[in-house]
Amino acid sequence: MFAISAFAFAACGDDDDSSSSSSSSGSSSESAPVADVPQGKKGGKLLELAASDVDYLDPGHSYYQFGFQTIYAMGKPLYSFSPTDAQKAQPDLADGEPVISADKKTVTVKLKKGVKYSPPVNREVVAKDVKYAIERFFTVNVGGQYTAYFNAIEGAPETNTKTFKTFSGIETPDDYTLIFKLKRPVGVSFAAALVMPITVPVPEEYAKKFDEKNPSTYNTNVVATGPYMIPNDANGKLTGYVAGKSIKLVRNPNWDPKLDYKPAYLDEIEIRTNATDANVAARQVLDGQGMILDTNPPAQILPRLNRQYKGQFTQVPSGGYRYFPMNTKIPPFNDLNVRKAVLAVFDREAAVKARGGAFAGDVATHFLPPEFPGFEEAGGMGTDLDYMKNPRGDAAVAAKYMKAAGFASGKYEGDEEVFMITANVDPAKAQGEVAKAQLEKLGFKVRLRTVPQDAVYTEWCQVPSKKVNMCGAAGWFKDYADPESMLVPTFKGSEIKPDGGNNNLGQLDDPAIDKAMDAAALLEGDARNAAWGAIDKQIMGQAPAVPFIWDKTTLVWSKNVQGVGNPYNSLVDLTFTSLK
């Protein structure tokens, strides 16, 4: 799930959590404490102020945490995470836990009976709808972005295809049974990934005409299976969504609360997606009524929360990392020693300060975050790398690597300009400016361009042809509670997508790392954590990015709001939040 500085990739994707059990989608690691979520009051309207739009409302295309927040209020994936437990996935559309065969090559899921689509579809959800949802995800028209988690299904392509294909490895022997046949014995991690929006059902007879267009227009005709829906007309066209301005959620008249663990207290939710002044939006929320903010408030507001706004905020672990990816395919960062020099000189404490300082999180030394499987095996809070030892930067170590790269002065002497993209609002703007200053210490000429937050990824950092040298507003957060979800999409060479939707932002392509990832995907328990921890170290050895913070997401709301944060995507859970 991936998270962008105010919203980062929702590896669910997040903005701002682990090996899985062999018999369920839950984690076999030690579970996080179960949260005490207070009972809410039914009714009322909530206003959410957001810095920019969702990436997509189509569950087959969305991969940002903000998109996930909205989609999980509207749709029912097979499994999902309640705010009450950050580690144990709850059956959502599924009726019970997945059953994994002894050889780990077959996963069987039973569906709840009686779940219905919102108007204009109105019929019951059946197993073939999930099958279609997964198959459509692999088409270029829909543009699914995390194919690595699901291309183990027999008949599934390795990446997106121009034509729609059915998969021999998804069987629907009856309306309420899904059987997944896998090419490899990866049933444990596959079952854990069934929390992703790819498993939100899509009715083929309704969506097919939209999916035949490139890109698919289902995004503006999406139907709901969860407690909320976006108002639409008789043909399904969304009337409650104005791109770049607002999203309106109302109750789905076909939702049956007896078939859902989500209480869905609110009658209506309005999301304004053009609140570009983060300072103004945060103050409006904290001093107003009936409002929440989409993500972290600005850094200067964080220290005031304990003094002025007790009871109006919570912090949830992000389950991820924020980082500055470097393009390893083009100069100047196609040289390993230059990349190591950048890590060495980088004042990561300054970047953390730009996000709010120690209140915002811990200075990162690698990628897998604290309290996550593989973290200790990857080095815990420390590191053995000389170019990561000093969180405030080490000019001497940086000069050593620049000299090794052929620059006798210890500083860059070439003609290439470093092109950096970041968001045009804080804290992403501020941290991008910090990154620019670090590169200039090494003699680089930096062209820093700021763009709207929703364009940082989709129009720039995820598009290799744009030749962005460094992304200044990148974050990656768990797709599910397993280290595979933290490292494969972002650093596996086979995941590079040259035409857009690319999450390997640094385009790291190391066959040894890819091979290690393939082997680690077959492991369980302690062996799995050890393998992924070692892979984290391998990645750090290639220095494709500057990890600078394992952050905590601070969520704020108005005094009359009983806000509930969901650690899965580190945002306010719209289905558990209520008005007092």
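**A walk through the chain, strand by strand**

Strand 8 and strand 9 (residues 177–181) pair in the antiparallel sense, and 3 bridges join them. One pair of facing residues marks the contact: Glu171 stands opposite Ile179 in strand 9. This is a predicted model, so read every position as a prediction.

Strands 8 and 9 belong to an open sheet of 4 strands. Its order is 6-7-9-8, and the pairing is antiparallel. Which strands stand at the edges? They are strand 6 (99–100) and strand 8 (170–174). Each has a single partner strand, so one side of each is left without a neighbour in the sheet. What holds such strands side by side? Strands of a sheet pair through backbone hydrogen bonds, either parallel or antiparallel.

For the parallel kind, go to strand 18 (residues 417–423). Strand 18 and strand 19 (residues 445–451) run parallel, joined by 7 bridges. Ala423 has Val451 in strand 19 as its bridge partner. On another pairing, strand 18 runs parallel to strand 20 (residues 470–471), with 2 bridges between them. There, Ile421 stands opposite Cys471 in strand 20.

A helix also comes into this part of the chain. Helix 10 (residues 428–441), together with strand 18 and strand 19, makes a right-handed β-α-β unit. Is strand 18 enclosed or open? Of its 7 residues, 6 are buried, so strand 18 is largely enclosed by the rest of the structure.

Loops can hold buried residues too, as Val54 shows. Val54 sits in the loop between strand 3 (45–49) and helix 1 (65–74). Its relative accessible area is 3%. Buried means under 20%, so Val54 counts as buried. Now compare sequence with space. Val54 and Ile247 are 193 residues apart in sequence, yet their C-alpha atoms are 9.2 Å apart.

Now step back to the whole chain. It has 14 helices and 26 strands. Its radius of gyration is 22 Å, close to the 25 Å that the globule rule gives for 580 residues, so the chain is as compact as a globular protein of that length. The C-alpha atoms fill a box of roughly 70 × 55 × 45 Å along the principal axes.

How much of the chain is buried? Of the 580 residues, 65% count as buried. The accessible surface comes to about 19500 Å², and 50% of it belongs to carbon and sulfur atoms. Last come the charges. The chain has 63 positive and 69 negative charges, and their mean positions are 3 Å apart.

Note on methods
Residues are numbered from 1 along each chain as its sequence is written. This is a predicted model: local features need pLDDT of at least 70, side-chain atom pairs count only at pLDDT 80 or more; totals for chains, interfaces and linings use all residues. Side-chain values use heavy atoms; hydrogens and water are left out. The radius of gyration is taken over C-alpha atoms; the globule rule is 2.2 Å times the number of residues to the power 0.38. Buried means under 20% relative accessible area, exposed over 50%, partly exposed in between (1.4 Å probe, protein chains only). Accessible areas come from the Shrake-Rupley method with a 1.4 Å probe; for residues, only the protein chains shown count as cover. Lys and Arg count as positive and Asp and Glu as negative; His and the chain ends are not counted. The place of a charge is taken as NZ of Lys, CZ of Arg, CG of Asp or CD of Glu. Two strands pair if DSSP finds at least two bridges between them. A crossover is right-handed if, with the strands pointing away from the viewer, the path from the first strand over the helix to the second runs clockwise.
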